[in-house]
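Trainee: Could you take me through one part of this protein slowly, and then show me how the rest looks beside it? I'm new to reading structures, so plain words would help.

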Amino acid sequence: MSPSKKTSDARQAGPASERGQGGELHQRAGDGEVLTTAHGVPVQDDQNSLRAGERGPTLMSDMAFREKIFHFDHERIPERVVHARGYGAHGVFESSGDHSDITRASLFAEKGKKTDVFVRFSTVAGNMGSFDLARDVRGFATKFYTDEGNWDLVGNNIPVFFIQDAVKFPDLVHAVKEEQDRGFPQAQSAHDTFWDFAGLMPESTHMTLWQMSDRAIPRSFRMMEGFGVHTFRFLTADGTSSFVKFHWKPKLGLQSVVWNEALKINGADPDFHRRDLYDAIESGDHPQWELGVQVFDDAFADEFDFDVLDATKIIPEELVPVRVLGTMTLNRTVDNVFSETEQVAFMTQNVPPGIDFSNDPLLQGRNFSYLDTQLKRLGSTNFTQLEINAPRCPVAHFQRDGHMQTAHQRGRANYEPNSFTGEDRGPREAGAAGHVPFAEEVSGTTRRIRAESFADHYSQARQFWVSQTPVEQDHIVAAYVFELGKCEIPAIRTQVMANLRNVDEQLASRVADGLGMELPAPSEAAVQPVDLDPSPAVSILGNAKETFEGRKLGILVGRGADAAQVDRLRKAVEKAGGMTQVVAVAVGGESLSDGSTLEADHAVAGGPSVLFDAVAILAGEEGGQQLADEPAARDFLTDAFNHFKVVGLHGADALLAATGLDGKTDEAILVLGSAEDVTSFVARCAGPRHWDRDITA
Ligand code: HDE
């Protein structure tokens with residue numbers, strides 16, 4: 001036996017799926033046919049506890065009952081202090097080439113090289129049981145099981161952060177979570193304490209613009225970008241270093257919902273994002289992202305307008321384009337949400353050889369925090385032995401014992417150096433083959449200080465604002481109005497508005513108008529903001545992809561709807577890479593023109609149009625009046641209209657009249673009478689929402 005194997009943790013080789021097949025590590029509900037206790041003793045009767053006499057007291061000697069309740073009582077572990085609500089999936093990363101010119105990280109060594117991954121998406125502020133479509137940042141954390149150890153890229157879907165120094169993180173999180181004296185609001189930033197903190201911390205202004213944009217209400221995890229946020233380092237085999245910023249780009253392009261829709265989705269389906277990911281993967285529609293890096297050197301860092309160590313700043317893609325390193329595909333849902341998604345432990349400090357840190361003070365603080373939090377949540381230093389956290393390469397060290405030690409660490413020596421040989425010797429350090437940190441010269445006086453180069457808090461916020469399309473700007477204004485409108489203390493609004501005046505006068509006055517307040521004087525800026533060139537890359541709508549791939553059409557059918565047309569629609573959408581669901585007045589189904597009964601996926605009362613990207617309403621002979629008489633069907637159409645969606649209609653005159661929408665046709669409200677109509681409707685669905693629709697009239 002090799003030294004490394006001898007001292008290895010038990011669970012090292014092969015993907016989880018293979019390891020599970022032997023049944024040694026997994027316990028599946030169906031592994032054994034007989035119900036047993038945790039100790040394997042067959043259980044006689046699981047319906048009745050042991051009692052003295054028919055109506056007498058339960059007996060302490062019923063160990064099966066005692067054990068069952070004991071385990072149940074201890075099922076919960078602390079939820080994550082942030083990012084508590086998350087959803088995970090397995091997948092694979094494939095390198096697009098040999099990237100050894102910039103990093104020796106083995107996962108990027110050759111074209112086609114595959115590395116298993118586990119990804120957990122999350123909201124930040126809400127508790128585990130909160131809803132998916134909160135206005136919030138989304139976590140995008142990836143564990144790469146590389147052959148030189150785990151790499152955790154613990155990113156977000158927004159490329160900047162609220163604060164510059166990790167020491168402010170507890171304050172930020174306390175401010176955004178439920179207020180301590182009342183225990184609400186849940187899962188939202190729209191309350192006094194968050195905006196109080198944000199107003200008093202001008203460095204958060206840039207991130208709040210992103211947070212008020214549609215980035216914070218994504219249509220799907222599959223349709224959002226991810227960012228490493230901080231500047232990291234890459235190191236080549238000869239020790240040459242460059243700075244990098246990580247980017248995930250979804251193959252499906254970026255899509256978001258509108259705010260009014262988000263509010264309604266949270267009621268109609270609080271699990272909207274997790275269901276979407278689960279359904280997509282289970283149906284074989286595996287989402288993909290390209291992983292890329294912006295690579296730059298010290299010379300660029302020195303001449304860039306901002307400090308590359310400041311996590312409240314981006315480096316515009318127009319200045320440093322993203323170099324693609326490979327593609328990630330998520331192809332497997334978890335077997336057990338607790339074992340995998342809940343117990344997965346991401347830590348920024350997990351990097352393999354070839355990847356290293358910069359001195360970003362936020363990143364440095366994170367590297368300290370993530371280990372701590374795992375012990376709190378998972379309860380043992382041996383959390384690395386849990387299958388979801390265990391590396392899939394050899395593991396060999398002299399760390400021993402601790403709660404829940406499951407590895408049988410063999411041999412005689414449990415220290416080094418030692419003079420044993422063979423099986424008793426244990427592993428030795430790797431030297432240059434190990435993780436060699438970047439050799440950086442460091443000097444300076446110890447001080448608690450924020451560098452001058454971190455002082456401009458507004459220029460990039462302004463750049464973000466001017467890089468948005470007019471529709472996106474409208475949404476940002478409306479979001480500020482909504483959020484600040486939820487603040488009860490006027491002075492808090494005033495402080496935020498004073499900061500916004502440094503971002504853009506138009507933005508500030510539009511928000512003030514919306515709030516019905518006077519504009520305060522601008523706050524004093526440490527550095528006067530400057531006009532930067534716009535960065536079109538940060539706009540969602542400006543970069544929209546013309547496709548219906550991965551999206552969903554809701555088909556509301558009325559009694560006697562044209563069966564052939566329903567069939568054509570379903571096929572055309574499928575061909576376009578999308579999916580369809582049928583909605584009817586009753587979930588049991590609806591009778592169609594050919595006498596058949598079409599089963600519905602939703603009754604219209606439980607399947608509102610907010611669950612779909614576009615809708616078709618095929619009313620049919622008797623269905624026109626049937627739908628017009630049904631309040632939920634009227635909402636179905638009205639909401640789709642108000643959310644700017646593409647709508648296909650046939651025989652829906654009575655419904656249009658009942659909703660007051662008759663006479664309000666536009667280019668995204670299409671008639672679905674013929675086969676050709678279906679083709680043009682599905683083609684139009686691939687385009688943008690009809691933002692010009694006048695929903696106020
Ligand atoms: Fe985190 N963060 N964070 N964070 N973070 C956690 O770790 C922390 C920050 C991010 O799905 C915690 O396991 C500090 C930035 C994600 O399991 C904790 C600071 C970014 C996740 C923690 C930050 C993130 C976390 C809570 C300021 C984007 C969820 C539970 C310096 C680049 C990972 C846990 C998952 C989770 C600390 C700031 C992303 C407490 C101290 C910036 C995606 O360790």
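Mentor: Let's take a close look at one strand, S16, and then go on to other parts of the chain. Keep in mind that this is a predicted model.

Find strand S16, which covers residues 614-618. Is it buried or exposed? Five of its five residues are buried, so the strand is largely enclosed by the rest of the structure. Now check which way the residues point. Ala614, Ala616 and Leu618 face one way from S16, while Val615 and Ile617 face the other way, and all are buried. That fits a general habit: in a regular strand the side chains alternate between the two faces of the sheet.

Next, who are the partners of S16? On the one hand there is strand S11 (residues 552-557), joined to S16 by five bridges, and the two run parallel. You can pick out pairs here: Gly554 stands opposite Val615 in S16, and Val557 has Leu618 as its bridge partner. On the other hand there is strand S17 (residues 647-650), which pairs with S16 over four bridges, again in the parallel sense. In that pairing, Ala616 stands opposite Gly648 of S17. If you wonder what holds such neighbours together, strands of a sheet pair through backbone hydrogen bonds, either parallel or antiparallel.

Now zoom out a little. S16 belongs to an open sheet of six strands, in the order S15-S12-S11-S16-S17-S18, with parallel pairing. Its edge strands are S15 (602-603) and S18 (669-671), each of which pairs on one side only. A helix lies over part of this sheet, too: H18 (residues 631-642) lies across S11, S16 and S17, and it runs at about 140 degrees to S16.

For a look at helix against helix, try H16 (residues 563-575) and H20 (residues 675-685). They pack at an angle of about 35 degrees, their axes 10 Å apart, and the crossing is right-handed. On the H16 side the contact is made by Gln565, Arg568, Leu569, Ala572 and Val573, and on the H20 side by Ala675, Val678, Thr679 and Val682. Sorted by class, that contact has six nonpolar, two polar and one charged residues.

You can set another helix pair beside that one. The axes of H5 (residues 192-200) and H14 (residues 490-503) come within 8 Å and cross at roughly 40 degrees, and this crossing is left-handed. H5 brings Asp192, Trp195, Asp196, Ala198, Gly199 and Leu200 to the contact, and H14 brings Ile492, Gln495, Val496 and Asn499. By class, you get five nonpolar, three polar and two charged residues there.

Now for some antiparallel strands. S7 (residues 241-250) and S8 (residues 288-296) run antiparallel and are joined by eight bridges; Lys245, for one, has Gln294 of S8 as its bridge partner. S8 is also joined to S9 by six bridges, and those two run antiparallel as well. There, Glu290 has Thr327 in S9 as its partner.

Pause at Ser241, which sits in S7. Ser241 has 19 C-beta neighbours inside 10 Å, so it counts as partly exposed. Leaving out residues up to four places away in sequence, Ser241 touches Arg233, Phe234, Leu235 and Phe438.

Strand S9 (323-333) turns up again with helix H8: the buried residues of H8 pack against S9, strand S1 (86-95) and helix H7 (259-268). H8 itself spans residues 272-282, and its buried residues are Phe272, His273, Arg274, Asp276, Leu277, Ala280 and Ile281. After H8 comes Gly284, with a positive phi near 85 degrees.

Last stop, the ligand. There are 24 residues around it, and Arg80, His83, Gly139, Ala166 and Val229 come nearest. The elements giving two or more residues to this shell are strands S2 (114-123), S3 (138-146) and S4 (149-156) and helix H11 (361-378). H11 supplies the largest share, six residues. By class, the shell around the ligand has twelve nonpolar, nine polar and three charged residues.

Key:
Residues numbered from 1 in each chain as written. Predicted model: local features only at pLDDT ≥ 70, side-chain atom pairs only at ≥ 80, totals over all residues. Buried ≥ 20, exposed ≤ 12 C-beta atoms within 10 Å, placed from the backbone. Contact = placed C-beta atoms within 7 Å. Near = placed C-beta within 6 Å. Nonpolar A, V, L, I, M, F, W, Y, C, P; charged D, E, K, R; others polar. Pairing = 2+ DSSP bridges. Axes fitted to C-alpha atoms, helices over the stretch in contact; angles between N-to-C directions. Left-handed = near helix turned anticlockwise from the far one by under 90°.
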